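Got the viewer open? Here is a short tour, one selection at a time.

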Amino acid sequence: MKKANSRPLNRFLTSLAGVKEDGQSLLDRTMVLYGTCMGSANSHSNVNLPVLLAGGGFKHGRHLAFDTKNNYPLSNLYLSMLHRLGIEDDSFSTSKGTMTGLELA
């Protein structure tokens with residue numbers, strides 16, 4: 001099995017972090033969501049998808065893990081991202097609220 005190459009993503013995020021605009025890096029001003037459509041390619045499961053969120057002024061540098069049996073929908077993350085953009089909707093798709101543990105820096 002071939003391993004995923006994360007170097008292009010690393011270069012992209014590093015380049016965003018290196019450009020300043022109004023005293024902030026472009027990475028701080030940009031939300032980058034990276035993930036996959038399969039939680040398990042062996043079983044073709046779309047449950048418990050691994051995602052990476054970088055930038056956007058959120059507190060990063062940590063791994064958030066959730067209960068795999070009683071997880072909440074990924075749309076909670078999308079709703080949190082909308083709120084960060086100033087769009088204060090109450091829901092997005094099947095969201096049940098915003099993402100727990102995602103804080104602003």
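Start by selecting S95, which sits in the segment after helix 2. Keep in mind as you click around that this is a predicted model.

Is S95 buried or exposed? S95 counts as buried because its relative accessibility is 13%, and the cut-off for buried is under 20%. Now show its side chain and look for the backbone nitrogen of F92: the S95 side chain reaches that atom at 2.7 Å.

Next, pull up what surrounds S95 from elsewhere in the sequence. Setting aside neighbours within four places, you'll find S95 in contact with P73, S75, N76 and L79. Of these partners, S75, N76 and L79 are buried residues of helix 2, so that helix makes a natural next stop.

Select residues 75-84, and you have helix 2. How many of its 10 residues are buried? Seven are, and the helix is mostly covered. To colour them, pick S75, N76, L77, L79, S80, M81 and L82.

What do those buried residues pack against? Add residues 31-35 and 51-55 to your selection: these are strand 3 and strand 4, and the buried residues of helix 2 pack against both. Before leaving the helix, step just past its end to G86, where the backbone takes a positive phi of about 90 degrees.

Keep strand 4 on screen and switch to a pocket view. Strand 4 gives the largest share of the lining of the largest pocket, with five residues. In total, 26 residues line this pocket. To centre your view, select L49, V51, L64, F66 and M99, the lining residues that lie nearest the pocket's centre. The space in there comes to about 760 Å³. Colour the lining by class and you should get 16 nonpolar, eight polar and two charged residues.

Now zoom out to the whole chain. There are two helices and four strands, and from the N terminus they run α-β-β-β-β-α. Show the C-alpha trace alone and line it up with its principal axes: the spans are about 45 × 40 × 20 Å.

Finish with a surface view. The accessible surface is about 7,700 Å², and carbon and sulfur atoms hold 53% of that. Across the 105 residues of the chain, 22% count as buried. If you draw a contact map as well, look at the pairs with a separation of 6 or more: residues 24 or more positions apart account for 39% of those contacts.

Methods. Residues numbered from 1 in each chain as written. Predicted model: local features only at pLDDT ≥ 70, side-chain atom pairs only at ≥ 80, totals over all residues. Heavy atoms only, no water. Buried < 20%, exposed > 50% of the residue type's maximum accessible area, 1.4 Å probe, protein only. Contact = heavy atoms within 4.5 Å. 1 Å grid on protein atoms, 1.4 Å probe; cavity = no way out; pocket = protein on both sides within 12 Å on 5 of 7 lines; lining within 4 Å. Points joined across faces, edges and corners; volume = space filled by probe spheres on them. Nonpolar A, V, L, I, M, F, W, Y, C, P; charged D, E, K, R; others polar. Polar contact = N/O pair within 3.5 Å; in protein donor to acceptor, adjacent residues only side chain to side chain. Areas by Shrake-Rupley, 256 points an atom, 1.4 Å probe, with all protein chains shown as cover.
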